[in-house]
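User: I have a structure open here and would like to go through a few side-chain and helix details. Can you take my questions as they come?
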Amino acid sequence: MRKSGDLGCGPGTQLAKLAALNPKARFIGLDLSQPMLDAARDYTDSLKLTNVSFQCGDVTDLAGFEDAGVGAVVSSMTLH
């Protein structure tokens with residue numbers, strides 16, 4: 001199954017909305033900040049979303065995503 005990624009997912013609020021609207025799709029949230037990823041996991045867990053995973057990493061180095069089968073990427077709040 002193809003996945004979608006959110007680069008710079010922060011606390012996961014935008015990613016959670018996408019995941020809730022698309023329960024049959026899989027999503028990966030990427031962020032450089034481990035505390036943000038912890039908050040994102042807590043948030044998606046509180047919503048009982050099971051189609052989301054998180055990864056710590058830099059959006060300028062996506063080498064780990066080559067084999068992840070990512071078909072779409074969003075980055076809504078990263079560059080501001």
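Analyst: The notes below go through charged pairs, one helix and the cysteines, and the model is a predicted one.

User: How many salt bridges does a search of the whole structure find?
Analyst: The search finds one. Arg 41 pairs with Asp 38, and their closest N and O atoms are 3.6 Å apart.

User: Where do Arg 41 and Asp 38 sit relative to each other in H2?
Analyst: They are three residues apart in helix H2, residues 34-46, which puts about one helical turn between them. In general, an α-helix has 3.6 residues a turn, so residues three or four places apart point the same way.

User: Is Arg 41 buried or exposed? And Asp 38, buried or exposed?
Analyst: Neither word fits. Arg 41 is partly exposed at 31% relative accessible area, and Asp 38 is also partly exposed, at 37%.

User: Back to the helix. What should the 13 residues of H2 span?
Analyst: At 1.5 Å a residue the expected span is 18 Å, and the end C-alpha atoms of H2 are 18 Å apart, so the two agree.

User: Which residues of H2 are buried?
Analyst: Leu 37, Ala 40 and Thr 44 are the buried ones. Viewed down the axis of H2, the buried residues fall within an arc of 55°, so they line one face of the helix.

User: What covers the buried residues of H2?
Analyst: The cover includes helix H1 (13-21), along with strands E2 (26-31) and E3 (52-56).

User: Which residues are exposed on the other side of H2?
Analyst: Pro 35, Asp 42, Asp 45 and Ser 46 are exposed there.

User: What about the backbone just after H2?
Analyst: Lys 48, just after H2, has a positive phi of about 60°.

User: Changing topic: how many disulfides?
Analyst: The count is zero. Cys 9 is in no disulfide, and the nearest cysteine sulfur to it, in Cys 56, is 9.6 Å away.

User: Why is there no bond from Cys 56?
Analyst: The closest cysteine sulfur to that of Cys 56 is in Cys 9, and 9.6 Å is too far for a bond. The cut-off applied to a pair of cysteine sulfur atoms is 2.5 Å.

User: And are those cysteines buried or exposed?
Analyst: Cys 9 is buried, with a relative accessible area of 7%. Cys 56 is partly exposed, with a relative accessible area of 42%.

Notes. Residues numbered from 1 in each chain as written. Predicted model: local features only at pLDDT ≥ 70, side-chain atom pairs only at ≥ 80, totals over all residues. Heavy atoms only, no water. Salt bridge = Lys/Arg side-chain N within 4 Å of Asp/Glu carboxyl O. Helix = DSSP H or I, 4+ residues; strand = E, 2+ residues; numbered from the N terminus. Buried < 20%, exposed > 50% of the residue type's maximum accessible area, 1.4 Å probe, protein only. Expected span 1.5 Å × (residues − 1). Arc of directions from axis to C-beta. Contact = heavy atoms within 4.5 Å.
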